[in-house]
Amino acid sequence: MMLTQQGSKFMQTARIAMTAIALVTAGQAFAASHIVEIAWSRDGAFAHGASVEPGKFVELCGKLAPGDSIRWEFAASVPVDFNIHYHVGKEAEFPAKQAQVSSGQDTLRVAVREDYCWMWSNKSSSRARVDVRLQRQN
């Protein structure tokens with residue numbers, strides 16, 4: 001089957017458009033991959049592992065209510081900056097904050113209904129592996 005010049009031009013334009021759509025979609029997926037929504041299991045657990053490139057971060061976020069109690073623990077392959085935060089207007093509140101740590105564990109006792117985020121920032125020159133476990137206590 002032979003394409004006309006007009007048909008050939010259409011196919012070339014379609015290929016360019018499909019490539020552009022694929023690149024935009026991949027870029028959006030990559031940009032959002034550093035933010036992970038917490039999806040609790042039936043037994044109130046959540047576990048996640050991530051590779052964090054130098055100069056980048058990963059955060060796990062979810063809505064919590066007053067009275068919630070979340071046991072958390074993590075281990076990182078290189079020291080990272082860690083915090084748990086939520087936003088009040090343009091300000092951030094930090095129930096927990098630690099600089100350059102390779103592990104941590106504690107219990108977050110929620111006093112304010114907000115979206116809480118556990119966040120790890122990699123300020124090193126090598127990739128960091130971060131493994132996290134969250135467990136609802138109530």
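Let us start in the loop between strand 6 and strand 7, where we find N122. Helices (H or I, at least four residues) and strands (E, at least two) are DSSP runs here, numbered from the N terminus. Is N122 buried or exposed? With a relative accessibility of 1%, N122 counts as buried. The word buried stands for under 20% relative accessible area, exposed for over 50%, and partly exposed for what is in between (1.4 Å probe, protein chains only).

The side chain of N122 has a polar atom 2.9 Å from the backbone oxygen of S126. If we set aside residues up to four places away in sequence, N122 touches V52, E53, P54, G55, K56, V78, V80, R127 and A128. Touching, or contact, means heavy atoms within 4.5 Å.

Before going on, keep in mind that this is a predicted model, in which local features need pLDDT of at least 70 and side-chain atom pairs count only at pLDDT 80 or more, while totals for chains, interfaces and linings use all residues. Residues are numbered from 1 along each chain as its sequence is written, and side-chain values use heavy atoms, with hydrogens and water left out.

Now step back and look at the whole protein. It has one helix and seven strands, and from the N terminus on the order is α-β-β-β-β-β-β-β. Of its 138 residues, 33% count as buried. The protein exposes about 9100 Å², with carbon and sulfur atoms supplying 56% of that area; accessible areas come from the Shrake-Rupley method with a 1.4 Å probe, and for residues only the protein chains shown count as cover. Among contacts with a separation of 6 or more, 76% are between residues 24 or more positions apart.

How do the strands fit together? Two strands pair if DSSP finds at least two bridges between them. Strand 3 (residues 57-64) is a good one to follow. Strand 1 (residues 35-37) runs parallel to strand 3 and is joined to it by three bridges; V36, for example, has L60 as its bridge partner in strand 3. Strand 3 is also joined to strand 6 (residues 114-121), this time antiparallel and through eight bridges, with G62 opposite Y116 of strand 6. Six of the eight residues of strand 3 are buried, so this strand is largely enclosed by the rest of the structure.

Strand 7 (residues 128-136) is another meeting place. Eight bridges join strand 7 to strand 2 (residues 45-52), and the two run antiparallel. Strand 7 also pairs with strand 4 (residues 69-88) in the antiparallel sense, over seven bridges. Try finding L134 in strand 7: L134 is the bridge partner of F46, and L134 is the bridge partner of W72 as well.

Strands 3 and 6 have a further link. The structure holds one disulfide, a term for a pair of cysteine sulfur atoms within 2.5 Å. Which residues form the disulfide? They are C61 and C117, with their sulfur atoms 2.0 Å apart. Because C61 lies in strand 3 and C117 in strand 6, the pair ties together parts that are 56 residues apart in sequence. The torsion about the S-S bond of C61 and C117 is about 115°, so the disulfide is right-handed. Both C61 and C117 are buried.

One of the residues touching C117 is H85. You will find H85 in strand 4, and H85 is buried, with a relative accessible area of 5%. The side chain of H85 makes polar contacts with two other side chains: that of N83 at 2.7 Å and that of E59 at 3.4 Å. A polar contact is a pair of N or O atoms within 3.5 Å; within protein, one must be able to donate a hydrogen and the other to accept it, and residues adjacent in sequence count only if both atoms are side-chain atoms.

Finally, visit the largest nonpolar core. A nonpolar core is a set of buried Ala, Val, Leu, Ile, Met, Phe, Trp, Tyr and Cys residues joined through side-chain atoms within 4.5 Å. The largest one has 28 residues, of which W72, F82, L108, W118 and W120 touch the most other members. Strand 4 gives the most to this core, with nine residues. Leaving aside neighbours within four places in sequence, W120 is in contact with residues including F57, L60, F74, F82 and V132.
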